[in-house]
Amino acid sequence: MVWQRPDGRQPYQLRPVGFHTGFTRFAPGSVLTKCGDTQVLCTVSVSEGVPKFLAGTGKGWLTSEYRMLPSATQQRQERELLKLSGRTQEIQRLIGRSLRAAIDFGVLGERTLTVDADVLQADAGTRTAAITGGFVALANAISQLLQRGVIERSPLCGQIAAVSVGLLQEEPYLDLNYVEDVAATVDLNVVMNQHLGIIEIQGTGEEGSFSRTQLNQLLDFAEKGIQQLLIAQREAIANWEEVFVGD
């Protein structure tokens, strides 16, 4: 029996994706990222100085924080105040690792970029939306640094996007929503760069194992989705040719 997608999409189709840039006033880079019914506010702040282990090296740093608003899900969740859940810590580390692959820290100099990802509404794929939208916010922040003369040239040397894929009734599907995520027997999150080089893969067999052939199918679907996301990112960044220095 073939899985019928609740929204009528084909197995290889993304949910509608949108980037509302300049969404907040004070952050150098900000974007409201929409992937279907998932909405994540991504902002990037810039501060002088770096962690102690980088002091004096001339290199910068990028870190990330991720939170989910209490009303982001159908049932209200308590705010994480004194102690972050293991899930939250794992996701914000993933976002940081992924977006660090986009930056030449020697060019950035001893400055720290902080990417904040706040989930306003969750319908699965919040971590991948945070990475994809976080990159757009990052590019906008760097554009502002260039315009203000804080840096002489752009450190943005990579383009990063992420998407989820999964197995439903033994078949691959792209960009799972919540209903599909819950039902999936295999769930993967894939992060790639502009060359479709793999930055990170997170995956598990929820109810057993999966084959090498199935893994290859999932990665093929992820590549197709990420190619579309890379195009959407570039279209959302007004001065792409100026800010991006990669190949």
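**Salt bridges, sheet and loop positions**

R127 is buried, with a relative accessibility of 15%. The model in which R127 was examined is a predicted one. The residue counts as buried because its value lies under the 20% cut-off. E90, at 28% relative accessibility, is partly exposed. The side chains of E90 and R127 form a salt bridge, with a distance of 3.0 Å from N to O. This salt bridge links distant parts of the chain, since E90 belongs to helix 1 (residues 86-100) and R127 to helix 3 (residues 126-148), with their positions 37 residues apart in sequence. Elsewhere, R5, D7, R9 and E180 are joined into one network by salt bridges that share partners.

Within this network, D7 and R9 form a salt bridge in which the closest N and O atoms are 2.7 Å apart. The two residues fall into separate accessibility classes: D7 is partly exposed at 40% relative accessibility, while R9 is buried at 10%. A further salt bridge is formed by the side chains of R111 and E48, at 3.1 Å from N to O. R111 is part of strand 5 (residues 111-121) and E48 is part of strand 3 (residues 38-48), so this pair ties together parts that are 63 residues apart in sequence. R111 is buried, its relative accessible area being 16%. E48, by contrast, is exposed, with a relative accessibility of 59%. In total, the model contains 10 salt bridges.

The strands were considered next. An open sheet is formed by four strands, which follow the order 7-6-8-9 and pair in the antiparallel sense. Strand 7 (171-174) and strand 9 (198-205) are the edge strands, as each of them pairs on one side only. From one strand to the next, the twist of the sheet averages 20°. Strand 8 (residues 186-193) pairs with strand 9 over seven bridges, and this pairing is antiparallel. On the strand 9 side, E200 is the bridge partner of V191.

Two helices that pack on this sheet are described here. Helix 3 touches strand 6 (160-168), strand 8 and strand 9, and the direction of helix 3 makes about 160° with that of strand 6. Helix 5 (residues 212-236) touches strand 6, strand 7, strand 8 and strand 9. The direction of helix 5 makes about 145° with that of strand 6. Helix 3 is also the helix that holds R127, the salt-bridge partner of E90 in helix 1.

Two positions were examined in the loop between strand 4 and helix 1. L82 is placed in this loop, which follows strand 4 (61-68). With a relative accessibility of 89%, L82 is exposed, because this value is over the 50% cut-off. L82 is 44 residues from T38 in sequence, and the C-alpha atoms of L82 and T38 are 26 Å apart in space. E78 is found in the loop between strand 4 and helix 1 as well. E78 is exposed, at 67% relative accessibility. The separation between E78 and M68 is 10 residues in sequence and 9.5 Å in space, taken from C-alpha to C-alpha.

Terms used
Residues are numbered from 1 along each chain as its sequence is written. This is a predicted model: local features need pLDDT of at least 70, side-chain atom pairs count only at pLDDT 80 or more; totals for chains, interfaces and linings use all residues. Side-chain values use heavy atoms; hydrogens and water are left out. A salt bridge is a side-chain nitrogen of Lys or Arg within 4 Å of a carboxyl oxygen of Asp or Glu. Buried means under 20% relative accessible area, exposed over 50%, partly exposed in between (1.4 Å probe, protein chains only). Two strands pair if DSSP finds at least two bridges between them. Axes are lines fitted to C-alpha atoms, for helices over the stretch in contact, and angles run from 0 to 180 degrees between N-to-C directions. Contact means heavy atoms within 4.5 Å.
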